[in-house]
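Open the model in a viewer and keep the selection panel to hand. The stops below go from one element to the next.

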Amino acid sequence: MTNSRLSGPLFKNLLEKRMTFEQVFDRIVEFMGSDPCGHYRLMVGTDSQVHRSHTTFITGIVIQNMGKGVWACIRRVIVPRKMTQLHERISLELSLTEEIVAMFTEERKNTLINIVLPNVYAGATFTMEGHIDIGEGKRNKTSEFVAEMVTRMESMGVEPKIKPDAFVASSYANRYTK
């Protein structure tokens, strides 16, 4: 089953289907709680694929404990038309990423920060990143949108990452758009 934006955000991964965002957040808390001294990166990114009669958008949420593993899930949104305009598609990708980032309210972010906070002097870290499926190279068709999209992500208080560092969008989410 796919979700539309109207049916609410349902997430899944290889082990669990039809998770609510609250369940996703609980899994992230459990993952971080298993090693409160970890070096955590919470990353959100979206990729899209145009098909014959629709466009598929996949948003990935990845929590990584550097060098020690990850927990991840995706959310699928189908737009029932071919979205051929690149700026429109990239902008919607970022809007879907922003929608998920906004679900990490200050209270939720503080919950995650408080897991590592007692261990900061022992080296524990927590960062949040927004992965944008665009690149700056001269041959990259999305390079003209970099400043606009990076500014949007920065305005949410999240560190923007673009290709080649935006692997949640360009690799993880991309894998599920086909």
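Start with strand 3, residues 69-79, in this predicted model. Eight of the 11 residues of strand 3 are buried, so the strand is mostly covered under a cut-off of 20% relative accessible area. Now add strand 2, residues 55-65. Strand 2 and strand 3 run antiparallel and are joined by 11 bridges. To check the register, pick Thr59, which stands opposite Arg75 of strand 3. Then move to the hairpin that links the two strands: three residues lie between them, and Gly67 there has a positive phi near 80°.

Next, select the cysteines Cys37 and Cys73. Which of the two classes, buried or partly exposed, fits Cys73? Cys73 is buried, at 0% relative accessibility. Cys37 is partly exposed, with a relative accessible area of 37%. The structure contains zero disulfides.

Go on to helix 4, residues 146-155. Colour Val146, Met149, Val150, Arg152 and Met153, the buried residues of this helix. Look down the axis of helix 4: these buried residues fall within an arc of 155°, so they line one face of the helix. The general rule is that an α-helix has 3.6 residues a turn, so residues three or four places apart point the same way. Turn the view to the face away from the buried side, where Ala147 and Ser155 are exposed.

What do the buried residues of helix 4 pack against? Show helix 2 (86-103), strand 4 (125-132) and strand 5 (159-161), which are their packing partners. Before leaving helix 4, select Gly157, which follows the helix and has a positive phi near 80°.

The last stop is an internal space. The count of cavities of 30 Å³ or more comes to one. The largest cavity has a volume of about 30 Å³. To find this cavity, select its lining: Thr46, Ile90, Glu93, Leu94, Thr97, His131, Ile132 and Asp133. Which element gives the most to this lining? Helix 2 does, with four residues. Both helix 2 and strand 4 supply at least two residues each to the lining. Keep helix 2 and strand 4 on display with helix 4, since the view then returns to an earlier stop: the buried residues of helix 4 pack against both of these elements.

Technical notes: Residues numbered from 1 in each chain as written. Predicted model: local features only at pLDDT ≥ 70, side-chain atom pairs only at ≥ 80, totals over all residues. Heavy atoms only, no water. Buried < 20%, exposed > 50% of the residue type's maximum accessible area, 1.4 Å probe, protein only. Arc of directions from axis to C-beta. Contact = heavy atoms within 4.5 Å. Pairing = 2+ DSSP bridges. Disulfide = S-S within 2.5 Å. 1 Å grid on protein atoms, 1.4 Å probe; cavity = no way out; pocket = protein on both sides within 12 Å on 5 of 7 lines; lining within 4 Å. Points joined across faces, edges and corners; volume = space filled by probe spheres on them.
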